[in-house]
Amino acid sequence: MHFAYAIISISTFLFSTQTVGQENNSLSITKDICKLMKEKDLKLQRIIHDTIIETRRPLLFMSNELVNDDEIIGSYSATPITYRYARRGDRRGKYIESELVDSSLEYNNDGSLSETIYSIYKNDSSGKLYAVKDESIKYISDYAKTNELIKIVQKQGYKVYQTNEAYYENYYFIKSKTCEIKLDNWTFNEMKKNTSYITSLDNYQIKLKSLVQQTVLHSKNLDKFLGLYRIQKSKMSTANINAWKNATTQAQKLNDQLSKLGEQYAGNYSFTPFDQMTGLRRHFTDNLGASKGILSM
């Protein structure tokens with residue numbers, strides 16, 4: 001496709017677009033978020049339209065003019081195309097300095113285009129267009145989700161607290177009956193799907209603890225047979241070997257239950273159990289693995 005025609009087509013699509021989906025394609029800027037944007041220097045920049053006379057190619061630029069609070073506050077709909085900022089003009093004439101360039105076009109890391117991606121949002125009330133860095137959108141989105149999540153858990157009676165450890169993605173936590181829970185995107189999404197998520201998580205931990213406690217007797221039983229094997233080796237009686245096999249089979253059944261239960265929250269690192277029972281589980285799995293290996297089970 002000829003470049004000029006491509007830009008005209010893009011421009012037409014840009015100005016006629018409507019919101020596609022609430023979660024990823026809309027933006028609400030409240031007074032609190034407006035304050036956050038000032039504190040973190042998250043800029044919303046007006047879009048300026050221009051045209052190259054010779055080719056009649058429309059251009060998009062970002063204005064450096066400051067946007068006041070009254071203009072910023074409101075709801076916005078995302079347009080479907082993202083852009084890069086042209087630091088200098090392309091020698092082939094595909095774009096000129098300071099132009100916003102469709103990010104899907106060929107990108108060479110030669111410094112002519114910024115690595116930063118910009119999205120363009122349309123104010124639902126005024127219809128005006130504004131550019132904002134994608135990283136700023138993520139920051140605003142995370143901030144809004146955290147605030148919403150704080151309100152949800154506070155209504156459920158949980159006390160929210162902060163940490164001062166900079167390596168955390170999010171500084172807000174609560175303590176349930178069984179866990180410390182980080183109020184991050186994962187927790188936000190779980191709470192949106194199930195408002196009783198925290199209760200369900202506690203019930204899961206209680207059930208898990210009950211199963212882990214059952215490993216103690218199995219571990220002792222396997223310990224006994226492993227001890228006999230170290231002393232007797234090939235002289236172990238058939239009765240003891242059969243009893244050991246049976247004990248290993250029963251231990252495997254419990255291990256299967258633990259594994260299946262663990263799948264329920266696999267990959268969720270947004271909570272830390274107060275009692276992780278790591279030592280009990282390791283002792284059990286070590287004994288089970290050793291027994292299976294010796295018995296070729």
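**Burial, aromatic pairs and helix packing in a predicted model**

Of the 297 residues of the protein, 39% count as buried. The model described here is predicted. Its secondary structure comes to nine helices and 11 strands. Among contacts with a separation of 6 or more in sequence, 63% are accounted for by residues 24 or more positions apart.

Aromatic side chains were examined next. A pair of aromatic rings is described by the distance of the centres and the angle of the planes. Seven aromatic pairs are held by the structure. In one of these pairs, the ring centres of Tyr76 and Tyr130 lie 5.8 Å apart and the ring planes stand at 85 degrees; the pair is therefore edge-to-face, since an angle over 60 degrees places a pair in that class. Tyr76 belongs to strand E4 (residues 74-86) and Tyr130 to strand E7 (residues 129-133), so that the pair ties together parts that are 54 residues apart in sequence. The relative accessibility of Tyr76 is 0%, and this residue counts as buried. Tyr130 likewise counts as buried, at 0% relative accessibility, because the term applies to residues under 20% relative accessible area.

The rings of Tyr204 and Tyr265 provide another pair. Their centres are 4.5 Å apart and their planes are at 50 degrees, so this pair is tilted. The tilted class applies because the angle is neither under 30 degrees, as for stacked rings, nor over 60 degrees, as for edge-to-face rings. Distant parts of the chain are linked by this pair: Tyr204 is in helix H7 (residues 197-232), whereas Tyr265 is in the loop between helix H8 (238-262) and strand E11 (271-273), 61 residues apart. Tyr204 is buried, with 8% relative accessible area, and Tyr265 is buried as well, with 11%. Both residues belong to one aromatic cluster, which is formed by Tyr197, Tyr204, Tyr265 and Phe271. A charged side chain also meets an aromatic ring: Arg84 lies over the face of Tyr107, at 3.8 Å from the ring centre.

The packing of helices was then considered. Two packed helices are described by the angle between their axes and the distance between the axes. The axes of helix H3 (residues 31-40) and helix H5 (residues 134-155) come within 11 Å and cross at roughly 135 degrees. This angle makes H3 oblique to H5, and the crossing in which H3 passes H5 is right-handed. On the H3 side, the contact is made by Asp32, Ile33, Leu36, Met37 and Lys40; on the H5 side, it is made by Tyr139, Ile140, Tyr143 and Ala144.

H7, the helix that holds Tyr204, packs with H8 at an angle of about 160 degrees, the two axes being 10 Å apart. H7 is therefore roughly antiparallel to H8, as angles over 145 degrees fall in this class. The crossing of these two helices, H7 and H8, is left-handed.

H8 also packs with helix H9 (residues 278-295). The axes of H8 and H9 come within 10 Å and cross at roughly 135 degrees, and the two helices are therefore oblique to each other. The crossing of H8 and H9 is left-handed. Residues of H8 in this contact include Ile241, Trp244, Lys245, Thr248 and Leu258, and those of H9 include Arg281, Phe284, Thr285, Leu288 and Leu295.

Two individual positions complete the description. Lys122 has its place in strand E6 (residues 113-123). Its relative accessible area is 21%, so Lys122 is partly exposed. Lys122 and Leu27 are 95 residues apart in sequence, while their C-alpha atoms are 9.4 Å apart in space. Gly89 is found in the loop between E4 and strand E5 (100-102). At 34% relative accessibility, Gly89 counts as partly exposed. The C-alpha atoms of Gly89 and Ser112 are separated by 7.0 Å, although the two residues are 23 residues apart along the chain. When neighbours within four places in sequence are left aside, Gly89 is in contact with Tyr95, Ile96 and Glu97.

Key
Residues numbered from 1 in each chain as written. Predicted model: local features only at pLDDT ≥ 70, side-chain atom pairs only at ≥ 80, totals over all residues. Heavy atoms only, no water. Phe/Tyr/Trp six-rings, centres within 6.5 Å; stacked < 30°, edge-to-face > 60°. Helix = DSSP H or I, 4+ residues; strand = E, 2+ residues; numbered from the N terminus. Buried < 20%, exposed > 50% of the residue type's maximum accessible area, 1.4 Å probe, protein only. Lys NZ or Arg CZ within 6 Å of the ring centre and 35° of its normal. Axes fitted to C-alpha atoms, helices over the stretch in contact; angles between N-to-C directions. Parallel < 35°, antiparallel > 145°, perpendicular 65-115°, else oblique. Left-handed = near helix turned anticlockwise from the far one by under 90°. Contact = heavy atoms within 4.5 Å.
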